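User: Hi! I am new to protein structures and would like to learn how to read one. Could you walk me through it?

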Amino acid sequence: VENLPGGALFVVDHELRYIVAEGEALRAAGYVPQDFVGRRLAEVLEPELRELYEGFYRAALRGDRFEMEHAAHGRTFLTRGSPLRGPSGGVEAAVAVSIDVTERRLAETALRVTEARYRTLVDAVQDYAIVMLDPEGTVTDDAWGGPRPTI
């Protein structure tokens, strides 16, 4: 778990006390496991994150799974959690794995912007021509009969 790439794993007990806190994303946010382990949620997290996580952890401690996306420490995280059951089948703790999805979300936004730009271009020329572009924006149709213009 210490080397979980781009993520962090947390385990809390029924008192919302951290049993485990580890992972690359934990250290990237400026924390070490000792900042969490043995301490309660209310002692570690700022009020906004505490309220968010408390509800989800309590749901997991009741036996439910959860998934959420949220911003923290200038990054965007996808967090999934579930109950941890003991040998008798009862819920003993809750586990949550947070993965940093910041770069993915930025790439998705850039893709939407690019798609909108190309849609606008196609809409503007649809009455006049059919233009095929490669990913670099170069016309790929050989009908030009000369050098292909870049749009």
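Analyst: Happy to help; we will go from the overall fold to the core, a cavity and a few single residues. Please keep in mind that this is a predicted model.

User: How many helices and strands does the protein have, and in what pattern do they follow along the sequence?

Analyst: A good start is to list the elements and then read their order. Here there are four helices and five strands. Along the sequence they follow the pattern β-β-α-α-α-β-β-β-α.

User: What can I say about the protein as a whole, such as how many of its residues are buried?

Analyst: A residue counts as buried when its relative accessible area is under 20%. In this protein, 30% of the 151 residues are buried. The outside can be described too: about 9500 Å² is exposed, and carbon and sulfur atoms supply 54% of that area. You can also look at contacts between residues at least 6 apart in sequence: 32% of them join residues at least 24 apart.

User: Which residues touch the most other members of the largest nonpolar core?

Analyst: To read a core, look for its best-connected members, then see which elements they come from. The largest nonpolar core has 24 residues, and those touching the most other members are Phe-10, Tyr-18, Phe-36, Leu-41, Leu-45, Tyr-53 and Tyr-57. Several elements supply at least two residues each, among them β1 (7-12), α3 (47-61) and β5 (91-100). The most comes from α3, which gives five residues.

User: Could we take one of these residues? What is Leu-41 in contact with, beyond its neighbours within four places in sequence?

Analyst: Leu-41 is in contact with Leu-16, Tyr-18, Arg-50, Tyr-53, Glu-54 and Tyr-57. Leu-16 deserves a look of its own. It sits in the loop between β1 and β2, and Leu-16 counts as buried because its relative accessibility is 3%. Its backbone also has a positive phi of about 60°, although Leu-16 is not a glycine.

User: How many cavities of 30 Å³ or more does the structure hold?

Analyst: With cavities, ask about number, volume and lining. There is one cavity of 30 Å³ or more, and the largest cavity contains about 210 Å³ of space. Of its 17 lining residues, Phe-10, Phe-36, Tyr-53, His-73 and Ser-98 are the closest to the centre. By class, the lining has 14 nonpolar, three polar and no charged residues. The largest share, three residues, is from α3.

User: Is Val-12 buried or exposed?

Analyst: Val-12 is buried, because its relative accessible area is 0%. This residue belongs to strand β1. Leaving out residues up to four places away in sequence, Val-12 touches Arg-17, Tyr-18, Ile-19, Tyr-57, Leu-61, Ala-93 and Ala-94. Distance along the chain and distance in space are separate things to check: Val-12 and Glu-92 are 80 residues apart in sequence, with 9.0 Å between their C-alpha atoms.

User: And where is Gly-63 found?

Analyst: Gly-63 is in the loop between α3 and β3. With a relative accessible area of 23%, Gly-63 is partly exposed, because it lies above the 20% cut-off for buried and below the 50% one for exposed. Beyond residues up to four places away, Gly-63 touches Pro-83, Arg-85 and Val-91. Gly-63 and Pro-83 are 20 residues apart along the chain, and their C-alpha atoms are 5.4 Å apart.

Note on methods
Residues numbered from 1 in each chain as written. Predicted model: local features only at pLDDT ≥ 70, side-chain atom pairs only at ≥ 80, totals over all residues. Heavy atoms only, no water. Core = buried A, V, L, I, M, F, W, Y, C linked by side-chain atoms within 4.5 Å. Buried < 20%, exposed > 50% of the residue type's maximum accessible area, 1.4 Å probe, protein only. Contact = heavy atoms within 4.5 Å. Areas by Shrake-Rupley, 256 points an atom, 1.4 Å probe, with all protein chains shown as cover. 1 Å grid on protein atoms, 1.4 Å probe; cavity = no way out; pocket = protein on both sides within 12 Å on 5 of 7 lines; lining within 4 Å. Points joined across faces, edges and corners; volume = space filled by probe spheres on them. Nonpolar A, V, L, I, M, F, W, Y, C, P; charged D, E, K, R; others polar.
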